[in-house]
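Got the viewer open? Let's take a short walk through some charged side chains, one selection at a time.

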Amino acid sequence: MVRVISGVSGVLRFLPLAIIALAFIAPAPVGVLRPTAAQAQTCGSDYTIKEGETLAQIAARVYGNPAQWTIIFYANQDRLGTNVSLLVPGFTLRLPCVGGAQQSQPLPPIATTPAQTQTPSETTIFISSLVRHVEFLTADGFAPYTGRSLEGGGMLTQVVAAAMGIVKDEAKGSFDYGVSWVNDWSAHLNPLLLTRAFDVGFPWARPNCDAVNLEPTSQFRCQRFFFSEPLYEGITGLFVRANSRIKSLRGEEIAGTTLCLPAGQPVHELDDHGRSWVKDGKVVLMRPPTVDECFRLLDNGTVDGVVESELAGRASITSLALGDKVSMLDQPIALTTYHVLVSKSHPQARTILYYVNSSLEKLRNSGEYDRIIERHLARFWEAQGAPNPAISVTPAASPAPAAARKDAAPASAPKAKTEVTKK
């Protein structure tokens, strides 16, 4: 059963996440259309950086679209890490191939239950007699990750549902789950999850809890919540107008600018890697409740840039018809992993995390995780009017550090109207 809760004070759309992204990208698999003859000189091979080149310039030559620089970035994460500044003359990059005509191919179907190819002893998940139902909490407005207007409630909603379906099947009727929608992200952590009005929330970014001098909102998240294994990893980027003076993330270009950061998105990413944009007052931040409002402010010149996850940013740009006016810089601000999150005060927190992590592992091993991600990304890129990259999807291997959102903590739980629909 899916509960739909609306009417909460304001619709605060974003969670950090920063990013996006498409996970690691490999050369095109068998059956994927190869690039044209002009592209074939470099696509699918290694390429040596020349003086002054950027990923966007290389992507424009290889794929005919500079916005597809993230394809190259993800294919070289093992070499670059998060440091695009490693693009020095002589540095070698892998250039994966993409299928520019893939939209005409049938989208991969999503099975209602994952393939069971392991032996019973390997597939068994222990079902606790104390945890018979888990209620998940999410919200609209974070395409393609979550949203009731999206297929399956969005990409990560469908991942969670498929994983819990595994637990439900193995429990043979003694376990169930639900997904509730409260369109006020700021109320999720406190009070709704802390008071156990709901069991777990998703998708949330994990701060680097081992870091020293964490800012208060990150400290709150690390101290009060457990995080699951990563659901997905993505890029957070800086979106600017086409005629912007901001061409890179260098401090001298950022200093004195006004940036828009949707309410709920992480602040500390702007201070990571020695940037200290917020800490040292180098930028002015505006915090409207939605990403669409940020892009409207960018369009009318009120702000100089928007900090947003790549996919959510591109979705907003398309919906507002700003494709010719706005673009994302070809340097990532951060890489963010998205997680299921549960309060440490929940009496069954560790059992719930066991359910989530064990079923996610089985979902990946069965190949169903890849099928869900690929299907949603295919639909997303089609909606943007862009070619669909031929992606070899690999889930994040470990909870890489990611920034936390700014938490607004209402004094009491918001009043809400509840609608009930069948799953």
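Start by selecting E151, which is partly exposed at 29% relative accessibility. Keep in mind as you click around that this is a predicted model.

Now add R375 to the selection. E151 and R375 form a salt bridge, with 2.8 Å between their closest N and O atoms. Colour by secondary structure and you'll see what the pair links: E151 sits in the loop between strand 4 (133–138) and helix 5 (155–171), while R375 belongs to helix 12 (residues 368–383), so the contact ties together parts that are 224 residues apart in sequence. Switch on a surface and check R375: its relative accessible area is 13%, under the 20% cut-off, so R375 counts as buried.

Next stop: select D176 and K168. Their side chains meet in a salt bridge, at 3.3 Å from N to O. Buried or partly exposed, which is D176? D176 is partly exposed, with a relative accessible area of 28%. K168 is partly exposed as well, with a value of 35%.

Then jump to helix 9 (residues 291–299) and pick out R296 and E293, which are 3 residues apart there and so separated by about one helical turn. Their side chains form a salt bridge too, at 3.7 Å from N to O. R296 is partly exposed at 40% relative accessibility, and E293 is partly exposed at 29%.

For a last look, go back to where you began and add R379: E151, R375 and R379 are joined into one network by salt bridges that share partners. If you'd like to keep hunting, the structure holds 11 salt bridges.

Technical notes:
Residues are numbered from 1 along each chain as its sequence is written. This is a predicted model: local features need pLDDT of at least 70, side-chain atom pairs count only at pLDDT 80 or more; totals for chains, interfaces and linings use all residues. Side-chain values use heavy atoms; hydrogens and water are left out. A salt bridge is a side-chain nitrogen of Lys or Arg within 4 Å of a carboxyl oxygen of Asp or Glu. Helices (H or I, at least four residues) and strands (E, at least two) are DSSP runs, numbered from the N terminus. Buried means under 20% relative accessible area, exposed over 50%, partly exposed in between (1.4 Å probe, protein chains only).
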